[in-house]
Amino acid sequence: MAPALLTFDIFGTVLDWRKGVGESDFDRIVDVQGDLEQQQRFRTYTEIVAESLVRVRRVDVVTAAGIAAQAGNWPLFPDSRDALRRIRAVAPCVATTNSDRAHGEQVQAQLGFQLDGWICAEEVRAYKPDRRIWEAAARKMAKSFDRSWWHVSAYADYDLRTARELGLTSVFVRRPHSRPGPADITVADLAALADLVETSERP
């Protein structure tokens with residue numbers, strides 16, 4: 001059955017953060033960010049990206065802050081823009097992302113259109129895999145947790161795990177640096193997901 005709502009992880013699924021950050025020490029940078037996100041004191045994603053670059057690459061604080069503030073301008077995957085446009089013709093598409101509001105403005109400027117919502121860590125004051133991100137999306141979209149809600153991510157180890165626990169349909173996207181795990185649907189990229197959504201049966 002076709003989805004009634006799709007939520008998307010952004011960094012690593014829609015946006016190619018490896019090209020933004022660069023290949024050198026990428027895994028270490030991501031792991032440092034993950035550790036910082038789970039600390040008790042909330043910090044914005046801009047602050048977290050900056051600190052990860054200072055710690056891992058020894059970038060100076062001013063340069064790191066400038067890079068982090070522009071994270072939403074890191075390159076989209078080549079298929080993202082057209083695929084999201086096609087999917088939005090079938091069902092609303094909402095970002096559920098460990099990022100800031102300003103990054104949402106940057107990403108959507110790159111896309112050339114607004115998504116149907118940008119639910120981010122800065123707004124919720126929590127980072128995925130915390131279920132509060134999905135609860136905020138449910139409130140905004142007036143949607144209950146069920147199988148007609150598809151959550152899309154290249155990260156099954158934490159992102160899709162929570163989606164599955166909430167009873168959503170989990171969609172794993174194979175991307176560079178993706179982290180596989182259990183999923184209801186697996187696709188090669190967002191273009192393949194758009195094909196699937198367009199041909200799925202209407203409710």
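Let me start with D25 and R28, whose side chains meet in a salt bridge at 3.7 Å, N to O, a salt bridge being a side-chain nitrogen of Lys or Arg within 4 Å of a carboxyl oxygen of Asp or Glu. D25 is partly exposed at 31% relative accessible area, and R28 is partly exposed at 48%, where buried means under 20%, exposed over 50% and partly exposed in between, with a 1.4 Å probe and protein chains only.

I should say that this is a predicted model, in which local features need pLDDT of at least 70 and side-chain atom pairs count only at pLDDT 80 or more, while totals for chains, interfaces and linings use all residues. Residues are numbered from 1 along each chain as its sequence is written, and side-chain values use heavy atoms, without hydrogens and water.

By this rule there are 18 salt bridges. Another of them pairs R86 with D195, their closest N and O atoms 2.5 Å apart, and this pair links helix α5 (residues 80-88) to helix α10 (residues 190-199), across 109 residues; helices here are DSSP runs of H or I, at least four residues, numbered from the N terminus.

Turning to the interior, the largest nonpolar core has 51 residues, among which L6, F8, I10, W17 and L193 touch the most other members; such a core is a set of buried Ala, Val, Leu, Ile, Met, Phe, Trp, Tyr and Cys residues joined through side-chain atoms within 4.5 Å. Leaving aside neighbours within four places in sequence, F8 is in contact (heavy atoms within 4.5 Å) with residues including V14, L84, H151 and L193.

Key:
Helices (H or I, at least four residues) and strands (E, at least two) are DSSP runs, numbered from the N terminus.
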